[in-house]
Amino acid sequence: MRRADLVIRNCQVVTLETTFRGWVAVRDGIIVALGDDDAGPTAEEVIDGRGRVLLPGRVEPHIHLGVHFPFDVDVEQTSRAAVAGGTTVMMPHARAKVSYLDVYPTWEQVVADRSHCDVLVHLQIQNRQHIDEIPQYRQRFGTLCYKLHLDYRVKAVAELDIEPLDDGDAYLTMQQCARFDGLCALHCEDVEIVRYTLPAIQATGRQDLQAWTDARPAFCEVADIHTMAYLSEVTGCRAVVLHLAAADGIEAAQRWTRRPLILETLVQFLTVFPEEAGPRIGAIGKMNPPLRDRANGERLWAGLRTGAIATVGTDHISCDKHETDDLWRVTAGMPGIEVALPLLLSEGVHRQRITLQDLVRVACANPARLYHIDDRKGSIAVGKDADLVLVDMDLERVVTPQTTVLPFKTAANGMTLRGWPVLTIKGGRVVFRDGEVVGPPAGRMLRSY
């Protein structure tokens, strides 16, 4: 074969089907060959993997940008954290109150100028204009996925500047998405119940992390899953249940078979539990839906293994929170994109909850396929973008703001994790090496096919 630009040799190459010791060759940012012999082809640059594990770049299906920081600042800092954690594609649920026809081109330029990883934008429905313009967004920007923040039906329990939505908005959005086999992404929580359960727990004066879990009961999430599943069947729209926290939601979703729901869970719900982590992270762990207990988490791991849960993300949001903050006043949500892969490796693979093939399926291939970028992303195969991450499976590190690129506390704060990226390659170019983000931003805005 012609001389390659880059060869990564002497590594454990992880594909969807198998793991083999060998090499990967890259030319013009594309994987052009794989092999299981010792040397591999000649190349301008050869990286010795030293027997480490080579994974596809992680595809992050669910983050937020520009909430607590200016959008351009957040794109840069979050994408730096992303590549440091082995993530090469991030998918923000972006929002604005004006037409996305006006703001999307600005976002596109910011990504081109400041992102270290590729970006696929999901658009958040905020008003009727957004619903009416969905066909134009699909045509102009390639946008496949539209989010409904159904936990904002009731402003009394809302925190962010998000317009209230109701089931009628969900119905109309699903009608629009069904016309082009688009995706309606749902935050399922019946906050008409939460508006009573939350004040009752708050009135006790509790500040422990479990209080937040008790204030937003799991059955509120499950009840809303049933409502949205029925609307999905009525409209014929594919629907994604975002950040599934309540494992009972798996069985709830499986009752609806005519238009099966697609389930996403979060790394936090698999690895961090209020009854154990509360004293360690306190208010840092406040998020919506809330963290649930360890038994619930084990059922979510099982859902990943069986395929009942399709993808795993982080719902990352850049914010500086502290364990001592007032639980009832501090913002909900937490950073997490940088520690997602180490958590999945340490708590998942090393503890034999999932295999490396499971990890590639739920953290790389499935989100790429679901959001229609799998023609180039999500696996190590000839013809795919050379988005790769080399992992030292035995490297241990205590997670603190001093040991991560993004200097904010996460739900993993204080945890010792085993298995960390040491090299990240995006489009055939090294973007992270031995603890440092290297080179200028080289991200681009993606379109769903």
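The following questions and answers concern helix packing and aromatic pairs in a predicted model.

Q: Why is helix 3 called roughly parallel to helix 4?
A: The axes of helix 3 (residues 128-141) and helix 4 (residues 167-178) cross at roughly 10°. Angles under 35 degrees count as roughly parallel, and therefore helix 3 is roughly parallel to helix 4. The two axes come within 9 Å.

Q: Which residues make the contact of helix 3 with helix 4?
A: Arg128, Ile131, Asp132, Ile134 and Pro135 in helix 3 meet Asp169, Leu172, Thr173 and Gln176 in helix 4. By class, four residues are nonpolar, two polar and three charged.

Q: What makes helix 4 oblique to helix 7?
A: The axes of helix 4 and helix 7 (residues 218-235) cross at roughly 40°. This angle is not under 35 degrees, nor is it in the range 65 to 115 or over 145, so it counts as oblique. The crossing is right-handed. Residues in the contact include Tyr171 and Met174 of helix 4 and Met228 and Leu231 of helix 7. The contact divides into seven nonpolar, four polar and one charged.

Q: Why is the pair of Tyr230 and Trp256 called tilted?
A: The ring centres of Tyr230 and Trp256 are 6.0 Å apart, and their planes lie at 55°. Planes under 30 degrees apart count as stacked and those over 60 as edge-to-face, so the rest are tilted. Tyr230 lies in helix 7 and Trp256 in the loop between helix 8 and strand 13, 26 residues apart.

Q: How do you know that Tyr230 is partly exposed?
A: Tyr230 has 45% relative accessibility. Buried means under 20% and exposed over 50%, so Tyr230 counts as partly exposed.

Key: Residues are numbered from 1 along each chain as its sequence is written. This is a predicted model: local features need pLDDT of at least 70, side-chain atom pairs count only at pLDDT 80 or more; totals for chains, interfaces and linings use all residues. Side-chain values use heavy atoms; hydrogens and water are left out. Axes are lines fitted to C-alpha atoms, for helices over the stretch in contact, and angles run from 0 to 180 degrees between N-to-C directions. Helices (H or I, at least four residues) and strands (E, at least two) are DSSP runs, numbered from the N terminus. Contact means heavy atoms within 4.5 Å. Ala, Val, Leu, Ile, Met, Phe, Trp, Tyr, Cys and Pro count as nonpolar, Asp, Glu, Lys and Arg as charged, and the others, Gly among them, as polar. A crossing is left-handed if the near helix is turned anticlockwise from the far one by less than a right angle, and right-handed if clockwise. Rings of Phe, Tyr and Trp (its six-membered ring) pair if their centres lie within 6.5 Å; planes under 30 degrees apart count as stacked, over 60 as edge-to-face and the rest as tilted. Buried means under 20% relative accessible area, exposed over 50%, partly exposed in between (1.4 Å probe, protein chains only).
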